[in-house]
Amino acid sequence: MNDVDRTSALDALVHDVTGIQALVVASTDGFALAQAGPKGHVADRLAAMTSSMLGLASALGRELHFGELDTLILDAANGKVLMLAIPGKQPRLLMTACDHSCVIGTVLWHAKQCVRALANTPD
């Protein structure tokens, strides 16, 4: 996927969902591949944490025989974090951080649309 395709999908998500603070597309080994949102300057750290969190969630899912990990949601007092696996030849991860005003169902729906766009674009 080229940078323009990534940026378009991320920009659409930021545009469609009010309250997004940061978006990061990360490699499964924790490197930031693309970013958007006002807090994008911390993309490298967020990518590494996203990779670690989804790695732990995947291990938990395997232990419980739940199958492949798709989504991880963190809900805190001042915001929400949504992490999704992006399937493909080279799997990637999408991390969406939003403030407390976001409705998690809305974020999830739009983030899954973004994941589909990212998954359907050649690496």
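**View 1. Long-range contacts across the chain.** Half of the story here is distance in sequence: of the contacts (heavy atoms within 4.5 Å) with a separation of 6 or more, 50% join residues 24 or more positions apart. The model is predicted, so local features need pLDDT of at least 70 and side-chain atom pairs pLDDT 80 or more, while totals for chains, interfaces and linings use all residues. Residues are numbered from 1 along each chain as its sequence is written, and side-chain values use heavy atoms, leaving out hydrogens and water.

**View 2. The order of helices and strands.** Along the sequence you will meet the pattern α-β-β-α-β-β-β-α, which holds three helices and five strands. These are DSSP runs numbered from the N terminus: helices are H or I with at least four residues, strands are E with at least two. Of the 123 residues, 40% are buried, meaning under 20% relative accessible area with a 1.4 Å probe and protein chains only as cover; exposed means over 50%, and partly exposed lies in between.

**View 3. Helix α3 and its buried side.** Helix α3 takes in residues 104–119 and reaches 22 Å from first to last C-alpha, close to the 22 Å expected at 1.5 Å a residue, counted as 1.5 Å times one less than the number of residues. Its buried residues are Val107, His110, Ala111, Cys114, Val115 and Leu118. They share one side of α3 because they cover an arc of only 150° around the axis, taken from the directions from the helix axis to the C-beta atoms.

**View 4. Phe66 in its loop.** Look for Phe66 between α2 (43–63) and β3 (71–76). Phe66 is exposed, at 64% relative accessible area.
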